[in-house]
Amino acid sequence: MSRSRSRAHIARSLFAVPLVLAIAGCGGDGTANAADGRAAALAAATQAVAAKRPALKPLQPGIPLDLSYVDTRSPQFDRFRRWVDAAVAGEPGYAFSAYDAALLYRLEPKPKYCELAVRMVEQEVADGESAIAAGNAPEVAGDSYLEVGPRIAALSMTLDTCKASIDDAQRKRWSAFAEQAVWNVWHHVRANWNGRPRPWTGWSVDNPGNNYYYSFVEATLYWALASGNAEWMRFLNEEKIPPLIAYFAQLPGGGSLEGTGYGAAHMRLFALYRLWRDATGEDIASASPHAADSIDYWVHATVPTLDRFAPIGDQSRSSIPELYDYHRTVVLQARALTRDPQRQAMASWWLHHIAIDRMRNGFNTPHDLLPAGDAKAPAPTALFHHATGTGHLFARTGWDRDALWLAVVAGPYNESHAAQEQGGFTLFHRDWLTVTENIWSHSGIQQGTETRNVLRFEAPTPIARQCHAPQNDRVVHQCVPTVSTMTVTPGTDGALRVDADLTGAYAKDSPVKQWTRRLDFSVAGLRVEDRFRTTPGTRAIFQLQLPTEPRIEGREAVAGGLRIKVLSPADAQLSAFDWRRVDRDEFRSGWRLDIAGSGETYVVELQSIGR
């Protein structure tokens, strides 16, 4: 998989599994029903939302972007103007888009901006026409139409903004190209270019939790508005907006079931909310708490040093979970949507204190036009955030940079970019104490239980078939779609207790019959207690992913700034595993501490040496 990124590209995993895919044999007895129940509840909620949708008002062609928030005297606007002016001068930066030029024209209507936008879109359409004439699909169809959103948005913005610079023949050609692209997205079996069949997979056209879906809706909405196509608007209003509303109503607490890497794609979802509001007057962001809650989510998911975030799920843009422009954009967009002054203040504090205090790449400078708010906003006071919809928990002992910080995962597991990390945790103090090995991989898409801080269950003989795992694997895999559960009991001074039931993450015929995990977190460190039942012969290994080689002495070990002490079982044996032994090109560093012993209980204490 390529690790290069376009401005909107958040590539899907090589091991993609759609939300709607039913995996035979997955789910514990109770949790299979829980997963089915969530799906049924979502379907019913979608129908209920769709039934209540009012008809849209008559549509007039045009993209009614509200840009009243832009301060054209600000440093942010000056950076954006310089970004576009460089392209006008013949030196466009990486991923420069015609959209940027058209947007600047709306704020500062100089002919040179429309001239550039028109020239760029004309080249895009002409190249597409040449590809079609040669019997190929145009670039807009690449990677299962992933980039159809930003490409058609750029065409639509230019067509609407620069009308005076576009002749009738050009308008007709551009319109035919955009219309066919959007039609192909929603009719994947009958998709064609110039009458030649070009069917595609239809990946995630019906999955509102997937980043591709946002691209598809983005293309359709921009094109519907630019062309004045009432049928496309009706289609969105009745068939594609209701699933979004229903889906995110099931995710209180914010965040994404795809994890934090792909969760950054919500920057596009929230931008869609804003455009829909500008065009129709309907504030669909307020239909559920998700958008506002996502401010809390990202603020708490950020480690105390304010430069990294909890690495949950695939991290394909960069395996190392460093804050980037996309995360800043998510919070800027969410802040622009919420009407809650406390949420706005929390977002402002975060935006002014994180390491990414402004966009680092030019193609993201348009997002910095959104106001970040008061630089003197107070720091948050809550010391934990439990996103119950995603099953992600973040806790800390304080808001100073020296605080101890914890992340835990226990909830729904139903997306292809999520990982087998139900029950997994991350501990941070000044740096990573223990964290998924995935962050030290080249690809950032290592999803197996062996790379996470979970119990690794190994059957005595190869398992012929389980979930979507490789055949004849002895490691027992967590399955999709399943649901684990977690309850959180707060204490004082940032202390809390987590009780998680991870049994449901395994198939009903799995060797794992029960697994519960209790985590006690406080300024003193973290105590982990696991209780489990398995079929005879199946081993459970308590594993910790570590940044450095552990020094083992009996039932204790030290790795970097972390001290590990095994309290149970009494016969525990500790061993170290160097991940580079697997594949030095993929695993660039990192160690795993395996703890194995008899019985059905592990109790392990973790403490930061620097505290």
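**Asking how we know**

Author: Welcome! Let's start at P569, which sits in the loop between β19 (562-568) and β20. Please keep in mind that this model is predicted.

Reader: What makes the peptide bond from S568 to P569 cis or trans?

Author: Look at omega: for the bond from S568 to P569 the angle is near 5°, and the bond is cis. A cis peptide bond also joins V480 and P481, with omega about -10°. P481 belongs to the loop between β10 and β11 (482-483).

Reader: Thanks! Is L406 buried or exposed, and how do you know?

Author: Buried means under 20% relative accessible area. L406 has a relative accessible area of 1%, so L406 is called buried. This residue is found in strand β5. Leaving aside residues up to four places away in sequence, L406 touches several others, among them F394, F425 and L526.

Reader: And why does D143 count as buried, exposed or partly exposed?

Author: Partly exposed covers the range between under 20% and over 50%. D143 is at 36% relative accessibility, so D143 counts as partly exposed. R430, at 45%, therefore counts as partly exposed too.

Reader: What sign does phi of R430 have?

Author: Phi of R430 is near 70°, a positive value in a residue other than glycine. R430 lies in the loop between β7 and β8 (432-434). D143 likewise is not a glycine, and its phi is positive, about 50°. You will find D143 in helix α5 (residues 142-145).

Reader: How do you know which strands stand at the edges of the sheet?

Author: The open sheet has 5 strands in the order β10-β9-β16-β21-β20, with antiparallel pairing. β10 (473-475) and β20 (573-578) each have a single partner strand, so one side of each lacks a neighbour in the sheet, and these two stand at the edges. On average, neighbouring strands here are turned by 35° against each other, direction ignored.

Reader: Why do β20 and β21 count as a pair, and over how many bridges?

Author: Two strands pair if there are at least two bridges between them. β20 and β21 (residues 591-596) have 6 bridges in the antiparallel sense, so they pair. At D578, the bridge partner in β21 is W591.

Reader: Last one: what makes up the lining of the second largest cavity?

Author: The lining residues divide into 7 nonpolar, 4 polar and 2 charged. Those nearest the centre of this cavity include P311, E421 and F425. β5 gives the largest share of the lining, 3 residues. The cavity holds about 110 Å³ of space.

Note on methods:
Residues are numbered from 1 along each chain as its sequence is written. This is a predicted model: local features need pLDDT of at least 70, side-chain atom pairs count only at pLDDT 80 or more; totals for chains, interfaces and linings use all residues. Side-chain values use heavy atoms; hydrogens and water are left out. On a 1 Å grid over the protein atoms alone, a cavity is a set of points where a 1.4 Å probe fits but cannot get out, and a pocket is an open set with protein on both sides within 12 Å along at least five of seven lines; lining residues have an atom within 4 Å of a point. Grid points are joined across faces, edges and corners, and a volume is the space filled by probe spheres set on the points. Helices (H or I, at least four residues) and strands (E, at least two) are DSSP runs, numbered from the N terminus. Ala, Val, Leu, Ile, Met, Phe, Trp, Tyr, Cys and Pro count as nonpolar, Asp, Glu, Lys and Arg as charged, and the others, Gly among them, as polar. Buried means under 20% relative accessible area, exposed over 50%, partly exposed in between (1.4 Å probe, protein chains only). Contact means heavy atoms within 4.5 Å. Axes are lines fitted to C-alpha atoms, for helices over the stretch in contact, and angles run from 0 to 180 degrees between N-to-C directions.
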